[in-house]
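Here is a walk through one structure, strand by strand and helix by helix. Have the model open as you read.

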Amino acid sequence: MDELERQFRLVGKVGSGSAFRGAPFWSWNDKLDPEELRRQIRAMHRGGLGGHFMHARIGLETPYLSEEWMKCIEACVDESRKLKIYAWLYDEDKWPSGFAGGLVSGRGGEYNRKSLRNREVHIHWDVREFVPVSGSLRYYLGVKKGRKIYNLVDVTGVALNMSEHRGKTVFEFYAERDGYVDLLNPKVVEAFIESTYERYYERFGGEFGWERTIPGIFTDEPNYGRMPWTDELPRVFKDRRGYNLLDHLPSLFYEVCINGRGWHKVRHDYFRTATEMFVETFTKRIYEWCEVHGLALTGHFLAEDNLVSQINVIGAAMPHYEFMQIPGIDHLCRRLGSTMLVKQVSSVAHQFGGRRVLSEMFGCSGWNMSFEDQRWIAEWQFALGVDLVCQHLVLYSLRGCRKRDFPPSFNDHQPWWDYFHLVNDRFARITYMLTRGKHIANVLVLHPISSAWCVYHPQHTEEAMRISDSFEQLSRWLLELHIDYDYGDEMIMRRHASVEDGRLVVGSCSYQLVIIPPSLTMFSETFQLLIEFVRSGGKLIAVEPLPTMVDGEECEDVTSFLKRNAKVIAHSKEKLKKALDGLAHRSISLQSNGAEAPSLIYQERQLEDGRRIFFIANTSRDEVVDATVKINGVGQLQLWDADTGDVRAHPCTVEDGLITTKLRFAPTQSHLIVLDPKRKPRAGEPKLDFETVHSIDFYDKFKLQVHDPNALTLDFCDYQIDGGEWQLNQPVIRLYRHLISTGEPCKLIVRYKFEVEQLPPNDEPLWLAIETPHLQRIFVNGERIQSQDEGFYLDQAFRKLNITGKVKVGENVIECQWDYEPPMEVESCYIVGRFGVKCDESLSKFAITAPPDGEVDATNLVEKGLPFYSGKVTLTKQFELPSLRTVGASKVLFELEQLNAIVADVSINGTKCGMLIWRPFQLEITEAVKRGVNEISITLINSLRNLLGPHHHPSGELFMVGPWSFGDGDFVERYCFVPFGISGARVRLVK
């Protein structure tokens, strides 16, 4: 076993490879206790995580950056050091970064952000005067038609007689402040560094660096706002662009030519200048501070997903990534996002020497996010260049609004926590391999952000969005055709690009083919670089429509150059494929049904010892892909199993320097392949499946055992405020939001009601799980609860009060009396115990009844008395197996068609056989079975989704979940649950 293989095995074991394990956002969202912080760090370590970002978040009650805060950081650094995991810093109180929890923004004046605004005053017969607004920069008279202005006259400073200008419009342009900070102002950024970065260095500088405990700091969504402005912008613009921006402000909002200079040019130069200032003033300045102090700057900028969103708030994403030791992105929701989002950051990381790439992922995905969801989303990003996972998020507390803070939460309040290390072990092995060697791509795609600058308008983004959509589509087509690439950002290229030996070099990467996407303009430096590239033998593909401008000004030379020297094609996947077949070198072909399989994407890496790594992921949620894999090269083809650490030679054929094999990809499945040229291939034809000789179907009937207490969520109430009229059957979330919005003290009575058809046996305790019971006077059916709580249910926030003997058959009432003072939080509560929950057909009324027992249909246990259940159940069944020799079988497999749970832990005859957590849902059980009667046990673990919701959104199960999903807007009384169970279980004897 060589060192690479040894490390591959090792990093996948809990306690090893912290640098390659997830470091989640750890939401510090309550009154912090150093001992509880230490306990949660130990839980994260047990869950297979490699660190944590200490992130101030909504609900925080410990003063930010106070001495108490610093002692909490100190405790976490100490505990992390002991466990040899990383304690990452976060540079703000919530987000976006820059205001330092008010220490910077609170200075006011020049420290607050400015944005450029326009207003129109149409001079009707009744308009008596025009008075410029505060912060006015220029105002003009003219006649507006659509987005154009005619007869434009600068009248700034002129007293206007309205009667002389009836029918005309005054167009005014002014700078307006808001509450955020001006990150284009060096003074603001210095204050931010001093208030945050310097304070952390003074206290913890001795722990900075990868070799210690604090490797880096996260900056979160800094931005310059829509239509950025700062006092120095006109001067910088004049110095760099050579003309006065103030004289051309109308061109930023209207299609108007002023003094012979077109609006495309002005918009191009405005956004280029603002982006340069933002990069130089904020990102580069903090990057340099971190470089000097041994800290890695990581994080992400606001709205990197498409060209329009970038222009809106940051100008362009890629120039910022040059000045981040670990550049990063934010990928939200239970879906796959834009290719552009990931390729932008990974391209810069490749070009600057193979930096790590962070992704803040899984936020907004909801409480039912499965391990397979995580694999699907993360490994799509791994194939595109991400290699550092920042899970969003670990909630310190679920109290109050905190449980609705863009779930899920990756903490030990999750029922599946004991199995979470399986995901992290896998990710550690993959990211370890994807940080070895060098990324291989021979194609550079020119990034068209400058074209979008030319046509951007803050209210009318259609034209810029068309450029963005075309670019995204082209990027996806290249992936589907299995031609890997990097993006070329023009601001980076003008300083770091050159031509060498017929290849275009950007930083540490070089490319043999450049693709010009549908675009409008390019930098003059880029144009000259392409001319030199072609002269040296480089190849170009230009996708229509071709650029007609240079630096935002009409230039016939660029169009004629591309027509003469590039392969010009229409914007279509078929035309692109044909052009690439003649111009691009293909390392790998991944074919299905005679064509490149579009759902498979890959990353290739070259090691110094000659080995090549291919990571291939199936991005489809539904499609099984049987792929014919062809690789240009020689040697032994190996499958490196990221789940187990096993390495084995894979059968293949070799002919004329081409290796051919077959691989099956279940939905969301990936394979890690290593081609070793120093070893002989294993000849043969791989089998994608086994021949079935005998099958035993279970027909979904199992004996059920429920391991954890059941729950009934009470999220409707009656309430009375200050002795007023009773409000009946109201969602608790609406009461919560009413109290928070009014912000007034009151005498509050809240009543929760629930039905009981059958009480649990007398020896079975019954609890009320409720938040902040010490702030309330609590009565059950009129009887005051005097006892202390008996610990917690799932999370420390949910305190258990014993109500055994106080509940009756029929209607029960829990009354909570409050001397309410903001910001107290009134929340749902839960009845907890050994019982079943009966639901009516409308899914809106529930009653406690006898616990589920005996044999049940396991397709959906929600319907079997467990609608709100969060925990473990075990399904058991006996089956009879013939002699393997008699039926001619060599192996026995257990399979599921569908798993509606997070984990299925399978045992046969008391022998653990493994866990099913993602497709293919298949385990080999040959060693555990015997001839005759066998017993299978399947322990299912679900999530917090059916307990915590959202239950009442009219769209049902959501794949983008935020605080608003739990009661804002439309609200239906009917409950939505996700299924819990299995279907299609069978044992298959194969040969």
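Let's start with strand S35 (residues 670-676), which is mostly covered: seven of its seven residues are buried. Buried here means under 20% relative accessible area, with exposed over 50% and partly exposed in between (1.4 Å probe, protein chains only). This is a predicted model, where local features need pLDDT of at least 70, side-chain atom pairs count only at pLDDT 80 or more, and totals for chains, interfaces and linings use all residues. Residues are numbered from 1 along each chain as its sequence is written, and side-chain values use heavy atoms, with hydrogens and water left out.

In a regular strand the side chains alternate between the two faces of the sheet. In S35, Ser670, Leu672, Val674 and Asp676 sit on one side and His671, Ile673 and Leu675 on the other, and both sets are buried. Strands are DSSP runs of E, at least two residues long, while helices are runs of H or I with at least four, and both are numbered from the N terminus. Two strands pair if DSSP finds at least two bridges between them.

The table gathers some strand pairs.

| Strand pair | Sense | Bridges | One bridge pair |
|---|---|---|---|
| S29 (residues 612-618) and S35 | antiparallel | six | Ile616 and His671 |
| S31 (residues 636-640) and S35 | antiparallel | five | Leu637 and Leu675 |
| S30 (residues 625-632) and S34 (residues 658-665) | antiparallel | eight | Val625 and Phe665 |
| S42 (residues 766-770) and S46 (residues 795-802) | antiparallel | four | Trp767 and Asn802 |

S30 and S34 belong to an open sheet of five strands with antiparallel pairing, in the order S27-S26-S30-S34-S33. Its edge strands, S27 (595-596) and S33 (653-655), each pair on one side only. Another open sheet of five strands, also antiparallel, runs S38-S48-S42-S46-S45. Here the edges are S38 (710-714) and S45 (792-793), each pairing on one side only.

Now for helix H4 (residues 186-204). Its 19 residues reach 25 Å from first C-alpha to last, close to the 27 Å expected at 1.5 Å a residue; that expected span is 1.5 Å times one less than the number of residues. H4 bends by about 35° at Glu194, the bend being the angle between axes fitted to the seven residues ending there and the seven starting there. At the start of H4, a side-chain oxygen of Asn185 comes to within 2.9 Å of the backbone nitrogen of Lys187. Among the buried residues of H4 are Phe192, Tyr197, Tyr200 and Phe204. Their cover includes helix H3 (67-83), strand S7 (169-181) and helix H6 (263-293).

Tyr200 turns up again in the largest nonpolar core, which has 235 residues; it is one of those with the most contacts inside it, as are Trp26 and Leu580. A nonpolar core is a set of buried Ala, Val, Leu, Ile, Met, Phe, Trp, Tyr and Cys residues joined through side-chain atoms within 4.5 Å. H6 gives the most to this core, with 12 residues. Apart from it lies another core of 80 residues, including Leu704, Ile770, Ile814 and Ala901.

What about Phe352, buried or exposed? Phe352 counts as buried because its relative accessible area is 18%. You'll find Phe352 in the loop between helix H9 (339-351) and strand S12 (358-363). Leaving aside neighbours within four places in sequence, Phe352 is in contact (heavy atoms within 4.5 Å) with Glu322, Ile492, His496 and Ser508.

Notes. A polar contact is a pair of N or O atoms within 3.5 Å; within protein, one must be able to donate a hydrogen and the other to accept it, and residues adjacent in sequence count only if both atoms are side-chain atoms.
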